[in-house]
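Biologist: I am new to this structure and would like a close look at a single part of it. Please take one residue, its surroundings and what they belong to, and explain each term as you go.

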Amino acid sequence: MPVLPLGERVLLPSVSLLFDLFPELAEVPELLVHSVRTARYAFLLSRLLGLGRPRVLFCAGALHDVGKLLVSRDILEKPGPLLGSEWKMIVRHPLWSFELVESRCRGMRGLKDILPAVRAHHEAWDGTGYPEGLKGTSIPLEARILALADVFDALTSPRPYRAPLNSGQALEIMAQMAGHKLDPYLFEKARILLSFFREEKV
Ligand SMILES: [Fe+2]
């Protein structure tokens, strides 16, 4: 049996968990891969920084975007600016994720702790996020950690309209987002760790 690199071994159990709960993800492989990588990054950030609960971060990372299964792929993959009606669909996805996870993951250990992070993963430090417009530390800590993992994976992944950024480029953009979209204090703590993630050094 071939020896899998660390990243693959960490990924496999979460892929099977996600398929069991949300088999529709098989039809949206980019979303599946993003969910699995975000789960791993969020778990590692929590464990290595000693902040939040790693298992909660892992599960919330795996499940945070399942609400996008209810958004059409045309909108998800649209390269240009979104129409108002399209943006309304996008901003609903954290609530749809919350509702889908609440209904399909009933009985999952720690579900009541996972749900707030799922719901608040697009809240912004300056209050301009969604769905509630929460601000600063009123955003749950685990949602703020999840946002770091989510944004880092989004920036370092290919998009239909651009090539993936390398870690350094992604961290430069995230530095500009710190204090606006991202918690600036958490970003400073996480910055060095994130710089190693893409190269699978942790
Ligand atoms: Fe999201």
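Modeller: Apart from its neighbours within four places in sequence, A42 is in contact (C-beta atoms, placed from the backbone, within 7 Å) with L57, F58, A60, G61, I145, L146 and A149. This is a predicted model, in which local features need pLDDT of at least 70 and side-chain atom pairs count only at pLDDT 80 or more, while totals for chains, interfaces and linings use all residues. Residues are numbered from 1 along each chain as its sequence is written.

A42 also belongs to the largest nonpolar core, a set of buried Ala, Val, Leu, Ile, Met, Phe, Trp, Tyr and Cys residues joined through C-beta atoms within 7 Å; among its 48 residues, A42, A60, I114, L146, L148 and F152 touch the most other members. At least two residues of this core come from each of helices 2 (29-49), 3 (54-63), 5 (84-104), 6 (111-119), 7 (141-155), 8 (167-177) and 9 (184-197), helices being DSSP runs of H or I with at least four residues, numbered from the N terminus.

In helix 7, 13 of the 15 residues are buried, that is, 20 or more other C-beta atoms lie within 10 Å of their own. The end C-alpha atoms of helix 7 are 22 Å apart, which agrees with the 21 Å that its 15 residues should span at 1.5 Å a residue, the expected span being 1.5 Å times one less than the number of residues.

Around these parts, the protein chain has nine helices and zero strands, and 37% of its 202 residues count as buried.

Note on methods
Buried ≥ 20, exposed ≤ 12 C-beta atoms within 10 Å, placed from the backbone. Contact = placed C-beta atoms within 7 Å.
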